[in-house]
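Biologist: Before I use this model at the bench, I want to know what its labels rest on. Please take me through them.

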Amino acid sequence: MFKSDTFKGKVAMVTGGRSGIGFQIAKDFLLLGAKVIICSRKEDKLKIAAEELAAYGELSYQACDIRKTEDIQSLVSMIKEKYDRLDILVNNAGGQFPALAEYISDKGWNAVISNNLNGTFSMIREMANAFFIPQKQGVIVNITAEVYRGFPGMAHTGAARAGVENLTKTLAQEWSDFNIRINCVSPGIIESSGLDQYPQQIQDMFEEAEKAIPLKRFGKVEDVSNAVTFLASPMAEYITGISLFVDGAQHLGFDKMGLANVLKSFM
Ligand SMILES: CCCCCCC/C=C/C(=O)SCCNC(=O)CCNC(=O)[C@H](O)C(C)(C)COP(=O)(O)OP(=O)(O)OC[C@H]1O[C@@H](n2cnc3c(N)ncnc32)[C@H](O)[C@@H]1OP(=O)(O)O
Ligand SMILES: NC(=O)C1=CN([C@@H]2O[C@H](COP(=O)(O)OP(=O)(O)OC[C@H]3O[C@@H](n4cnc5c(N)ncnc54)[C@H](OP(=O)(O)O)[C@@H]3O)[C@@H](O)[C@H]2O)C=CC1
């Protein structure tokens, strides 16, 4: 659907690109002509994904925990040495665990906030200072989650993702002088490797959950990647500071209390 040279000559970084949604985004950027770098924490799994993705184009990878600024700075050095520029940053790495708020410890809260809010900010700051601001050009897409009416059962990620959405609005204004566009993609429930990590009691409710979503299905990784490639492309050159739902209209009515109610039955 996109021209095969949409991202020809561009260099794109996809965090968490070894699996699920991030893997599909990395693959689509490669198919559309970009040179792509992926990072994540688990180097063995990252290497396997990188070998698979290399079939589609020029792919580099480096282990990086987005919560560690020194890891990000090492990633910057690698990108500088290899490409001497960066055009697109997709902040996809993230995750959380289902829990009722009263059972979330400081450590658990901080782990999720560090991963989804602090890590995303550190990545944005370091890549902007190293590349986007001096280049006076850059595109950032943050993958958040549909948290429009809160997130019963995952209060920590609701707060973190809302933080990223607000950060996005701020930076769209502060960095407009540098010709940096920044947007979010907010997925609903997406059939991906990520969902396999949820406890069986929650997976058991997926069939009912699908029926309750206005479009009557969970999203596919391609649905999310299509939105990301659009926002990163010149077709979106007048779009900045927004959050685009990719959720089958889940944000308009799907009752996330279902998740909290399942948790109440066994926590
Ligand atoms: C109706 C259906 C609704 C479903 C909606 C689904 C929508 C969203 C889907 C997705 O996002 S899919 C992507 C999912 N992928 C992940 O979430 C990745 C897996 N998660 C993680 O890696 C962790 O949750 C993490 C906290 C983000 C990882 O951070 P870190 O490695 O630093 O954590 P740990 O050292 O493992 O744990 C730190 C601390 O956090 C608490 N904790 C972690 N896991 C759990 C858990 N499963 N249950 C309860 N508490 C947990 C805990 O306090 C940990 O400290 P310790 O107790 O281990 O000392
Ligand atoms: N699937 C869904 O229904 C939804 C997903 N999302 C979000 O979309 C994103 C992708 O999810 P999905 O593909 O489904 O799930 P996955 O669990 O497959 O992907 C998460 C990726 O992030 C990487 N990652 C996690 N923490 C870090 C970190 N601290 N530093 C670097 N990399 C990290 C993981 O690799 P490694 O373990 O090697 O670090 C992994 O590749 C996540 O942010 C997720 O929360 C949002 C809404 C719904």
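Modeller: One definition has to come before the ligands: Ala, Val, Leu, Ile, Met, Phe, Trp, Tyr, Cys and Pro count as nonpolar, Asp, Glu, Lys and Arg as charged, and the others, Gly among them, as polar. On that scheme the shell around ligand 2 divides into eleven nonpolar, 14 polar and six charged residues. Keep in mind that this is a predicted model.

Biologist: How do you know which residues make up the shell around ligand 2?

Modeller: The test is whether the C-beta atom, placed from the backbone, lies within 6 Å of the ligand. There are 31 residues around ligand 2, and Gly16, Gly20, Arg41, Gly94 and Gly194 come nearest. Two or more residues each come from helix 1 (20–31), helix 2 (43–53) and helix 4 (106–135). Helix 1 gives the largest share, three residues.

Biologist: Which residues come nearest to ligand 1?

Modeller: Gly95, Phe97, Gly108, Ala111 and Gly194 come nearest, of 20 residues around ligand 1. The elements that give two or more residues to this shell are helix 4 and helix 9 (257–266). Helix 4 gives the most, with five residues. By class, the shell around ligand 1 holds eleven nonpolar residues, eight polar and one charged.

Biologist: What makes a residue such as Asp84 exposed?

Modeller: A residue is exposed if 12 or fewer other C-beta atoms lie within 10 Å of its own. Asp84 has 9 such neighbours, so Asp84 counts as exposed. Asp84 is in the loop between helix 3 and strand 4. Its phi is positive, about 60°, although Asp84 is not a glycine.

Biologist: Why remark on a positive phi?

Modeller: Because most residues other than glycine have a negative phi. Ala249 is another case, with a positive phi near 70°. Lys136, which follows helix 4, has a positive phi near 55°.

Biologist: Why is Ala249 called partly exposed?

Modeller: Exposed stops at 12 neighbours and buried starts at 20, with partly exposed in between. Ala249 has 13 other C-beta atoms within 10 Å, so the label is partly exposed. Ala249 lies in the loop between strand 9 (243–246) and helix 9.

Biologist: What about Lys42: what label does it get, and where does it lie?

Modeller: Lys42 has 13 C-beta neighbours inside 10 Å and therefore counts as partly exposed. Lys42 lies in the loop between strand 2 (35–40) and helix 2. Ala63 is 21 residues away along the chain, yet the C-alpha atoms of Lys42 and Ala63 are separated by 6.7 Å.

Biologist: How do you know whether Glu70 and Lys264 are buried or exposed?

Modeller: By the count of neighbours again. Glu70, with 9 other C-beta atoms within 10 Å, is exposed, and Glu70 is in helix 3. Lys264 has 11 C-beta neighbours inside 10 Å, so Lys264 counts as exposed; Lys264 is in helix 9. Lys264 and Ala99 are 165 residues apart in sequence and 9.1 Å apart in space, C-alpha to C-alpha.

Biologist: Which residues of helix 4 are called buried?

Modeller: To be buried, a residue needs 20 or more other C-beta atoms within 10 Å. The residues of helix 4 that are buried include Val112, Asn115, Leu117, Met123, Ala128 and Phe132. What covers the buried residues of helix 4 includes strand 1 (11–15), helix 3 (69–82), strand 4 (88–91) and helix 5 (155–174). Helix 4 also bends by about 55° at Ala128.

Biologist: What makes a set of residues a nonpolar core?

Modeller: The members must be buried, of the listed nonpolar kinds, and joined through C-beta atoms within 7 Å. The largest such core has 61 residues, and Ala12, Val36, Ile38 and Val90 have the most contacts inside it. Helix 4 gives the largest share of this core, eight residues. Apart from this core lies another, of five residues, among them Ala145, Val147, Phe151 and Ala155.

Biologist: Which residues does Ile38 touch, beyond its neighbours within four places in sequence?

Modeller: Its contacts include Val14, Gly22, Ala26, Leu46, Ala50 and Tyr61.

Biologist: What confidence does the predictor give?

Modeller: The chain averages a pLDDT of 97, and 100% of the residues score at least 70. The model scores ipTM 0.97 and pTM 0.98.

Conventions:
Residues are numbered from 1 along each chain as its sequence is written. Chains are lettered from A and ligands numbered from 1 in the order in which they are written. This is a predicted model: local features need pLDDT of at least 70, side-chain atom pairs count only at pLDDT 80 or more; totals for chains, interfaces and linings use all residues. Helices (H or I, at least four residues) and strands (E, at least two) are DSSP runs, numbered from the N terminus. Two residues are in contact if their C-beta atoms, placed from the backbone, lie within 7 Å. The bend at a residue is the angle between axes fitted to the seven residues ending there and the seven starting there. pLDDT is the predictor's confidence in each residue, from 0 to 100.
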